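User: I'd like to go through this model and check what stands behind each label. Can you take me through it term by term?

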Amino acid sequence: MPTTIFDLGLSVEAVSLFLLIEGLEGNRIDPDKNCTARPQPITVESCLAKWSGGEADFKAALTELTAIGALKNEHSQLSITKADTWKTKQV
């Protein structure tokens, strides 16, 4: 996990969403381990189903993470980007 996420001054919700998505990425099925199931994409909908807060907080966190470049949101499919490409939050 890129621990840089904790040093950017992000909201608690944004860090929580990042950790949720990272956990979902870590649980993807490894096809090299003789598994025939297909990995599912991480989507806004699948994250919202696991999100314990309100939808407005989720959307604000998603906006915050995409603004600094920590997340890519392509047609509601989410993925974490490389930490060295993230922008630092301007205070």
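Analyst: Sure, starting with strand 2, where the side chains alternate: L78 and I80 point to one face and are buried, while Q77 and S79 point to the other and are not. Bear in mind that this is a predicted model, where local features need pLDDT of at least 70, side-chain atom pairs count only at pLDDT 80 or more, and totals for chains, interfaces and linings use all residues. Residues are numbered from 1 along each chain as its sequence is written, and side-chain values use heavy atoms, with hydrogens and water left out.

User: What makes a residue "buried" here, and why does T43 count as buried?

Analyst: Buried means under 20% relative accessible area, exposed means over 50%, and partly exposed is in between (1.4 Å probe, protein chains only). T43 has 17% relative accessibility, so it counts as buried. T43 is found in the loop between helix 1 and helix 2. Leaving aside neighbours within four places in sequence, T43 is in contact (heavy atoms within 4.5 Å) with S76, Q77 and L78.

User: And why is K82 called exposed?

Analyst: K82 has a relative accessible area of 64%, so the exposed label applies. K82 sits in the segment after strand 2. Its C-alpha atom is 8.8 Å from that of G69, and the two residues are 13 apart along the chain.

User: How do you know which stretches are helices and strands, and how many of each are there in the protein chain?

Analyst: They're DSSP runs numbered from the N terminus: helices are H or I with at least four residues, strands are E with at least two. By that rule the protein chain has three helices and two strands, in the order α-α-α-β-β along the sequence.

User: What makes strand 1 and strand 2 a pair?

Analyst: Two strands pair if DSSP finds at least two bridges between them. Strand 1 (residues 71-74) and strand 2 have four bridges, in the antiparallel sense, so by the DSSP rule they pair. Within that pairing, N73 stands opposite L78, and K72 stands opposite S79. The two strands form a hairpin with two residues between them, and H75 in the turn has a positive phi of about 55°.

User: Why are helix 1 and helix 3 described as roughly perpendicular?

Analyst: The cut-offs are under 35 degrees for roughly parallel, over 145 for roughly antiparallel, 65 to 115 for roughly perpendicular, and oblique for the rest. The axes of helix 1 and helix 3 cross at roughly 80° and come within 8 Å, so roughly perpendicular is the label. Axes here are lines fitted to C-alpha atoms, for helices over the stretch in contact, with angles from 0 to 180 degrees between N-to-C directions. At this meeting, E13, A14, L17 and F18 in helix 1 face D57, F58, A61, L62, E64 and L65 in helix 3 as contacts.

User: What makes something a nonpolar core, and which residues touch the most other members of the largest one?

Analyst: A nonpolar core is a set of buried Ala, Val, Leu, Ile, Met, Phe, Trp, Tyr and Cys residues joined through side-chain atoms within 4.5 Å. The largest has 24 residues, and L10, L17, I21, C47 and L65 touch the most other members. Helix 1 (12-26), helix 2 (44-50), helix 3 (55-67) and strand 2 (77-80) each give two or more residues. Helix 1 gives the largest share, seven residues.
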